[in-house]
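Please work through the following exercises on a protein model. Each one sets a task and then solves it step by step.

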Amino acid sequence: MPRLRGAARSKLAQRAEVVLDRKGIRLLNADVLSVGLEPSSVDLIVTSPPYGVDIKYATFADDLPYEAYLDFTRKWLSSCLGFLKSDGRLCLNLPLDKNKGGQQSVYSDVLQVAKTAGWKYFSTIIWNEQNISRRTAWGSWLSASAPYVIAPVEVVVLLYKGTWEKASKGESDVARDDFIAWTNGMWTFGGETRDLGHPAPFPIELPRRCITLFSYVGDTVLDPFAGSGSTLLACLETRRRGIGVEISKTYCDLIKKRLTQAHLFERRLDEAPGDPASDVQAGPSSSAHRTRSGGS
Ligand SMILES: C[S@@+](CC[C@H](N)C(=O)[O-])C[C@H]1O[C@@H](n2cnc3c(N)ncnc32)[C@H](O)[C@@H]1O
């Protein structure tokens, strides 16, 4: 665990590589199960893990049997809990349920696993991504024999480590109307196109809202499954420090390209040294640019 394909397996079993580390945005090509981040250093995690629905990722085999998938979930949730400050939070984007490879209540099962791993539950946002393509599988058409029912929504589960209330004051930059709209836990906006070069990206709007609503300017935000880099791009926009961990070198290259081509990235390079997002510290292992991996 995790299940990597071919050469990627042996390569990442041995090391984690710093792909980018400029002006508060740090990207690591690494396995989240073995990456060495500084304990209690992260304010907010925003992420969308693999869903276990056989998505064709570049190096990662997304086809674990469900029990093994929940075991992987427990492991990464435990690791990430250690990276969080005591008032740290997690915005966890998941499907409500799945029917590929058998019906499973993913949201409910992952939430139970998270609580067992030590996370505390706050609430859940329903993301209505209006993906009507999901309604093409009807099961038994016009028959009560075995019709399929699926809600075209995903969820963002809000979890925290110790206290939901933040321990210190900081600069909040959420606008009045956004605060009113986003604290209504029904979010409606479309998903992201796969043309980005990644098979399962979420739109920047999702991490942008989570980051703006749940963290202060200058806070450290981690995405342990960075994918196409949407969370890091949102960090760039919102003046947060960003750490991304991504197991696939292909996607790390994509993230680096998206970030360095972003207009804001060059602007951020020109900012004064006092910029709160300019001095992300390397974790103990990653500062050496090498970690051992327990991945198999
Ligand atoms: C659902 S995608 C994340 C998409 C991301 N939210 C975005 O907007 O592009 C999950 C990502 O996790 C990566 N991944 C899978 N196992 C991993 C692991 N053990 N450590 C780090 N990354 C992993 C996959 O390569 C994939 O890019």
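The exercises below concern a predicted model and treat helix packing, single residues in loops, and the surroundings of a ligand.

**Exercise 1. Helices H5 and H6**

Task: Determine how helix H5 is oriented relative to helix H6, and state which residues make the contact.

Solution:
- Step 1. Helix H5 spans residues 205-214 and helix H6 spans residues 230-238; their axes lie 8 Å apart, at an angle of about 50 degrees.
- Step 2. An angle between 35 and 65 degrees is neither roughly parallel nor roughly perpendicular, and H5 is therefore oblique to H6.
- Step 3. The handedness of the crossing of H5 and H6 is right-handed.
- Step 4. From H5, the contact involves Pro207, Arg208, Ile211 and Thr212; from H6, it involves Ser230, Thr231, Ala234, Cys235, Glu237 and Thr238.
- Step 5. Sorted by class, the residues in the contact of H5 with H6 are 4 nonpolar, 4 polar and 2 charged.

**Exercise 2. Helices H2 and H3**

Task: Carry out the corresponding analysis for H2 and H3.

Solution:
- Step 1. The axes of H2 and helix H3 (residues 106-116) come within 9 Å, and the crossing angle is roughly 40 degrees.
- Step 2. H2 and H3 are therefore oblique to each other.
- Step 3. Their crossing, that of H2 and H3, is right-handed.
- Step 4. On the H2 side stand Leu70, Thr73, Arg74 and Leu77, which meet Asp109, Val110, Val113, Ala114 and Thr116 of H3.
- Step 5. The contact of H2 with H3 comprises 5 nonpolar, 2 polar and 2 charged residues.

**Exercise 3. Two loop residues and their burial**

Task: Is Gly24 buried or exposed? Is Ala137 buried or exposed?

Solution:
- Step 1. Gly24 belongs to the loop between strand E1 (17-22) and strand E2 (25-29).
- Step 2. Gly24 has 22 other C-beta atoms within 10 Å and is therefore buried, the threshold being 20 or more.
- Step 3. Although Gly24 and Arg268 are 244 residues apart along the chain, their C-alpha atoms are separated by 9.3 Å.
- Step 4. Ala137 sits in the loop between strand E5 (120-128) and strand E6 (154-160).
- Step 5. Ala137 has 11 other C-beta atoms within 10 Å, so it is exposed; the limit is 12 or fewer.
- Step 6. The C-alpha atoms of Ala137 and Asn99, 38 residues apart along the chain, are separated by 10.0 Å.

**Exercise 4. Positive phi outside glycine**

Task: Locate Asp54 and Arg239, and describe the backbone angle and exposure of each residue.

Solution:
- Step 1. Asp54 is placed in the loop between strand E3 (42-47) and helix H2 (66-83).
- Step 2. Asp54 is not a glycine, yet its phi is positive, at about 60 degrees.
- Step 3. Because 13 other C-beta atoms lie within 10 Å, Asp54 is partly exposed.
- Step 4. Arg239 occupies the loop between H6 and strand E9 (241-246).
- Step 5. Phi of Arg239 is also positive, near 60 degrees, in a residue other than glycine.
- Step 6. Arg239 counts as buried because it has 20 C-beta neighbours inside 10 Å.

**Exercise 5. The ligand shell**

Task: Which residues come nearest to the ligand, and how many residues of its shell are nonpolar, polar and charged?

Solution:
- Step 1. There are 21 residues around the ligand, and Pro201, Phe225, Gly227, Ser228 and Ser230 come nearest.
- Step 2. The shell around the ligand divides into 13 nonpolar, 6 polar and 2 charged residues.
- Step 3. Ser230, listed among the nearest residues to the ligand, also belongs to the H6 side of the contact with H5.

Technical notes
Residues are numbered from 1 along each chain as its sequence is written. This is a predicted model: local features need pLDDT of at least 70, side-chain atom pairs count only at pLDDT 80 or more; totals for chains, interfaces and linings use all residues. Helices (H or I, at least four residues) and strands (E, at least two) are DSSP runs, numbered from the N terminus. A residue is near a molecule or strand if its C-beta atom, placed from the backbone, lies within 6 Å of it. Ala, Val, Leu, Ile, Met, Phe, Trp, Tyr, Cys and Pro count as nonpolar, Asp, Glu, Lys and Arg as charged, and the others, Gly among them, as polar. Axes are lines fitted to C-alpha atoms, for helices over the stretch in contact, and angles run from 0 to 180 degrees between N-to-C directions. Angles under 35 degrees count as roughly parallel, over 145 as roughly antiparallel, 65 to 115 as roughly perpendicular and the rest as oblique. A crossing is left-handed if the near helix is turned anticlockwise from the far one by less than a right angle, and right-handed if clockwise. Two residues are in contact if their C-beta atoms, placed from the backbone, lie within 7 Å.
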